[in-house]
Each structure stands twice: as structure tokens, then as C-alpha cells.
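Student: Please take a close look at one part of this model, the space left between its atoms. Start with the fold, so that the part can be placed in it.

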Amino acid sequence: MRRYLVLLGVLLLTIAISAKTPSTKQHGKGSGGAKTYTPDKMEWNAAPTALPIGAKLAVLEGDPMKPGPYTMRLKMPDGYRIPPHMHMKREHVTVISGELHVGLGDTFDEKAMNSFSPGSFAYLEPGTHHYAMAKGETVIQLHGMGPWGIKYVNPADDPRKKQP
């Protein structure tokens with residue numbers, strides 16, 4: 001009986017401590033606890049120079065350019081294209097809004113692309129040659145283990161080489 005009373009006491013103490021511990025609701029700032037984002041609180045900036053001009057990026061978790069987990073969203077205008085490329089690490093993609101068209105291979109071919117609507121998910125293994133295009137304004141979420149990187153199949157397609 002005494003054993004049950006001790007266990008009950010520990011359980012009640014745990015519940016009391018949990019009830020007094022404030023929950024953390026943060027909008028992408030601060031440390032510890034949970035970090036939450038609503039669409040209106042996401043900070044969109046120009047996408048990195050490794051991607052064609054015109055897209056915006058919101059980093060939600062981690063630093064995609066450093067080792068460790070990351071989550072980011074890429075917002076692309078209608079008709080935005082990413083030439084054939086590959087990634088050095090597995091890339092996980094979820095379509096949030098719009099329509100993402102994706103093809104596999106070394107040549108951009110609209111007729112060979114598959115269409116992915118909101119809620120669609122895919123992952124690509126490292127070294128998989130693929131290309132993408134947005135139909136309508138499209139937002140995708142990318143997550144994985146950094147550092148994130150992109151290597152274009154045709155070096156002339158690399159936007160970093162076209163900058164002054």
C-alpha cells in the first residue's frame with residue numbers, strides 16, 4: 001500500500017510541475033521549447049544564388065548550409081524553372097501549395113514531367129538527376145540533413161557562374 005501511495009505522490013508531483021512549466025510558443029525565435037510558424041510569420045528572403053533568380057526562401061529549422069537537420073520552404077513564381085541538377089544528400093520534398101512539375105534525367109523535358117499537387121511528398125536519393133517547374137505560384141517544403149547543396153548537370157546552367 002505504501003508503495004502505491006509513493007507512486008501516486010510522484011505522479012501528482014510530476015503533473016503539478018508540468019502544469020506550472022510554461023509552454024513555449026515562439027515564432028521562429030528564441031531557444032529551447034517549441035518553435036512554431038504560421039504562414040504570416042514566416043520570413044521570406046531571396047533564395048540563395050545557387051538557385052535561379054525569382055524564388056524566395058524561408059528557413060524554418062537549422063541552417064541548411066551547415067551539418068545538421070534543416071527545414072526550409074521555397075516559394076516559386078509561376079513558370080519558375082530549376083534546370084537539371086542533383087543533390088549530394090537525400091532531399092525530402094512536400095508540396096505545400098501550387099503545382100510542382102518534376103522530371104528525371106539530364107535534359108529539361110516538359111512532356112516527361114510528373115505533376116505534384118499540394119500534399120504530395122517525395123524524396124530523392126543523392127546523385128539523382130532531376131529538374132523542376134512551378135505551375136502557378138508554388139511553395140514546397142524541403143527538409144533533410146545539411147549541408148544542403150545543388151550541382152547542375154550542365155555547369156552553364158549554374159546561376160552562380162552567371163553572376164558578376
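Tutor: Helices here are DSSP runs of H or I with at least four residues, and strands are runs of E with at least two, numbered from the N terminus. The model is predicted. On that basis the chain has 1 helix and 11 strands, and in order from the N terminus the helix comes before the strands, as α-β-β-β-β-β-β-β-β-β-β-β. Of the 164 residues, 34% are buried. Among contacts with a separation of 6 or more, 66% join residues 24 or more positions apart. The chain exposes about 10300 Å² of accessible surface, and carbon and sulfur atoms hold 59% of that area.

Now the open space. The largest pocket has a volume of about 360 Å³. Its lining takes in 26 residues, and those closest to the centre are Val93, Leu100, Val102, Leu124 and His130. Two or more lining residues come from each of β5 (68-76), β6 (81-86), β7 (91-104), β8 (114-116), β9 (121-124) and β10. The largest share is that of β7, at 7 residues. By class, the lining of this pocket holds 19 nonpolar residues, 6 polar and 1 charged. Val and Leu count as nonpolar and His falls among the polar residues, so of the residues closest to the centre, Val93, Leu100, Val102 and Leu124 are nonpolar and His130 is polar.

The enclosed space is a separate item. Searching the whole structure for cavities of 30 Å³ or more gives 1, and the largest cavity holds about 50 Å³. Its lining consists of Tyr70, His87, Met88, Lys89, Arg90, Glu91, Met145, Pro147, Trp148 and Gly149. These divide into 5 nonpolar, 2 polar and 3 charged residues. Lys, Arg and Glu count as charged, so the charged members are Lys89, Arg90 and Glu91. Gly counts as polar, so Gly149 joins His87 in the polar class. The nonpolar members are Tyr70, Met88, Met145, Pro147 and Trp148.

One lining residue of this cavity, Pro147, also has a backbone feature to note. The peptide bond that leads into Pro147 from Gly146 is cis, and its omega is near 5°. Pro147 belongs to the loop that runs between β10 (130-146) and β11 (151-152). The strand before that loop, β10, is also one of the elements that give two or more residues to the lining of the largest pocket.

Methods. Residues are numbered from 1 along each chain as its sequence is written. This is a predicted model: local features need pLDDT of at least 70, side-chain atom pairs count only at pLDDT 80 or more; totals for chains, interfaces and linings use all residues. Side-chain values use heavy atoms; hydrogens and water are left out. Buried means under 20% relative accessible area, exposed over 50%, partly exposed in between (1.4 Å probe, protein chains only). Contact means heavy atoms within 4.5 Å. Accessible areas come from the Shrake-Rupley method with a 1.4 Å probe; for residues, only the protein chains shown count as cover. On a 1 Å grid over the protein atoms alone, a cavity is a set of points where a 1.4 Å probe fits but cannot get out, and a pocket is an open set with protein on both sides within 12 Å along at least five of seven lines; lining residues have an atom within 4 Å of a point. Grid points are joined across faces, edges and corners, and a volume is the space filled by probe spheres set on the points.
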